[in-house]
Amino acid sequence: LLVIELWKACVLPHLKKTLADMDTISSYMILFQEGSLAGLLGVLLYHTHAVEATTEEYLLELADWTYRKLTYLNSNQAYAFAELNADMDVKAMMAQTPLQELEARIAEMDM
């Protein structure tokens, strides 16, 4: 999760134009990996024996990642994104450039 988060922060800004030119499914699947990995860890760590087998270092990193995501979800930036997309009509969505659509997907997948 930390590697994906670091990749999204450092590498993704340099690849936005290239990903915007690709088909939307490919770019969406690249961004979807963080959410699917978080879901998998949620299922695995539901069982106590899996949590006990995990080292404290990894659990601390997971707690740190979870804290950052929850802080983002409670921030004004997440609320502004939700309000902006709630007011968007079909014509505005169809008028988006591929780069604007990719940036909206990135913000949406930032949990």
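A nonpolar patch on the surface is formed by Ile25, Met29 and Phe32, which together offer about 280 Å² of accessible area (Shrake-Rupley method, 1.4 Å probe, with only the protein chains shown counting as cover for residues). Patch members have over 30% relative accessible area and no salt bridge, and nonpolar side chains are joined within 5 Å; a salt bridge places a side-chain nitrogen of Lys or Arg within 4 Å of a carboxyl oxygen of Asp or Glu. The model is predicted, so local features need pLDDT of at least 70 and side-chain atom pairs pLDDT 80 or more, while totals for chains, interfaces and linings use all residues. Residues are numbered from 1 along each chain, and side-chain values use heavy atoms, without hydrogens and water.

Ile25 belongs to helix 3 (residues 24–44), where helices are DSSP runs of H or I with at least four residues, numbered from the N terminus. Ile25 counts as exposed because its relative accessibility is 56% (exposed is over 50%, buried under 20%, partly exposed in between).

Helix 5 makes a friendly second example. Trp65, Lys69 and Tyr72 are its buried residues. They sit on the same side of helix 5 because they cover an arc of only 60° around the axis, taken from the directions from the axis to the C-beta atoms. The face turned away from that buried side carries the exposed residues Glu56, Leu60 and Tyr67.

Overall, the protein chain has eight helices and zero strands. Of its 111 residues, 15% count as buried, and the C-alpha trace spans about 50 × 30 × 20 Å along its principal axes.

Methods
Buried means under 20% relative accessible area, exposed over 50%, partly exposed in between (1.4 Å probe, protein chains only). Helices (H or I, at least four residues) and strands (E, at least two) are DSSP runs, numbered from the N terminus. Patches are made of residues with over 30% relative accessible area and no salt bridge: like charges are joined within 9 Å, nonpolar side chains (Val, Leu, Ile, Met, Phe, Trp, Tyr) within 5 Å.
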